[in-house]
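Colleague: I should like to learn how to read burial, sheet order and helix packing from a model. Could we work through a case together?

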Amino acid sequence: MQQTNWHVITGAPCSGKTAVIRKLEKLGYPVVHEVARAYIDERLQNGESIARIKADILSFERHILYKKIAIEQSLLKEETVFLDRAVPDSIGYYILEGLDPDDAIQKSKLWRYKNIFFFARIPFEKDPVRSEDDKTASRIDGLLKESYRMLGYEIIVVPLGSVNARVNFILNHL
């Protein structure tokens, strides 16, 4: 396991992660945008439906896991980088879908992240990329916390607040 200077921003769907990642990027920090969102957006633009994209859920989750691994392998471990979700998030999503999480668990041990910033939930809003509902988002929240804790991470909960307040909270914890 290699220690990194990477900071993970994670939490349930619709918790404000993307807005904070975009703000950090505007401030000049290197960021990695959420792999699943980018992949789904791309396929939706090609005319596919969410149901079609996730028809083979194992292939979908495996694709997301291995894309995250490839991206993380390309990063310098010494560089300060903010990740919108990281490899361990796949553990929670595998469990959510009833899949065996062993591969995701093993791949989550490749790197050690500097901080895990876990976003408190905000009221759930549906969008074209989200296939979840509020109940599922709540379950994902718990599964993600469990995933990081089982890997020995201390979770830093980012409280509700404006984008700027959340960015300041994160930067004050670096």
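Colleague: Is alanine 19 buried, partly exposed or exposed?

Modeller: A residue is called buried under 20% relative accessible area and exposed over 50%, with partly exposed in between. Alanine 19 has a relative accessible area of 35%, so it is partly exposed. Please bear in mind that this is a predicted model. Alanine 19 belongs to helix H1, and its C-alpha atom is separated by 25 Å from that of phenylalanine 60, 41 residues apart along the chain.

Colleague: How should serine 90 be classed, as buried or exposed?

Modeller: The cut-off for a buried residue is under 20%. Serine 90 has 1% relative accessibility and therefore counts as buried. This serine is placed in helix H5, residues 89-96. Once neighbours within four places in sequence are left aside, its contacts are Leu65, Lys68 and Ala104.

Colleague: What is the order of the strands in the open sheet?

Modeller: Sheet order follows from pairing, and two strands pair if at least two bridges are found between them. Here five strands form an open sheet in the order E3-E4-E2-E6-E7, and the pairing is parallel. Strand E3 (31-32) and strand E7 (155-158) each have a single partner strand, so they stand at the edges, with one side of each left without a neighbour in the sheet.

Colleague: Which helix packs on that sheet, and which strands does it touch?

Modeller: Helix H8, residues 163-172, packs there and touches E2, strand E4 (81-84), E6 and E7. The direction of H8 makes about 155° with that of E7.

Colleague: Which residues of H8 are buried?

Modeller: Arg166, Val167 and Ile170 are the buried residues of H8. They lie on the same side of the helix, because the arc they cover around the axis is only 100°. Their cover includes helix H1 (17-26) as well as E2, E4, E6 and E7.

Colleague: How many bridges join E2 to E6, and how many join E6 to E7?

Modeller: Strand E2 (residues 6-11) and strand E6 (residues 115-119) run parallel and are joined by five bridges. Individual positions can be matched across this pair: isoleucine 9 stands opposite phenylalanine 117, and threonine 10 opposite phenylalanine 118. E6 and E7 also run parallel, with four bridges between them. In that pair, isoleucine 116 has isoleucine 155 of E7 as its bridge partner.

Colleague: Which residues lie on each face of E6?

Modeller: Asn115, Phe117 and Phe119 are on one side, while Ile116 and Phe118 are on the other. All of these are buried, and both faces of E6 are covered. Put as a count, five of the five residues of E6 are buried.

Colleague: Let us turn to the whole chain. How many helices and strands does it have?

Modeller: The chain has eight helices and seven strands. Its radius of gyration is 15 Å, close to the 16 Å that the globule rule gives for 174 residues, so the chain is as compact as a globular protein of that length. The C-alpha trace spans about 40 × 35 × 30 Å along its principal axes.

Colleague: What share of the residues is buried, and what share of the exposed area comes from carbon and sulfur?

Modeller: Buried residues account for 48% of the 174 in the chain. The chain exposes about 8,600 Å², of which carbon and sulfur atoms supply 50%. As for contacts with a separation of 6 or more, 76% are between residues 24 or more positions apart.

Conventions
Residues are numbered from 1 along each chain as its sequence is written. This is a predicted model: local features need pLDDT of at least 70, side-chain atom pairs count only at pLDDT 80 or more; totals for chains, interfaces and linings use all residues. Side-chain values use heavy atoms; hydrogens and water are left out. Helices (H or I, at least four residues) and strands (E, at least two) are DSSP runs, numbered from the N terminus. Contact means heavy atoms within 4.5 Å. Axes are lines fitted to C-alpha atoms, for helices over the stretch in contact, and angles run from 0 to 180 degrees between N-to-C directions. Buried means under 20% relative accessible area, exposed over 50%, partly exposed in between (1.4 Å probe, protein chains only). The radius of gyration is taken over C-alpha atoms; the globule rule is 2.2 Å times the number of residues to the power 0.38. Accessible areas come from the Shrake-Rupley method with a 1.4 Å probe; for residues, only the protein chains shown count as cover. The arc is that of the directions from the helix axis to the C-beta atoms.
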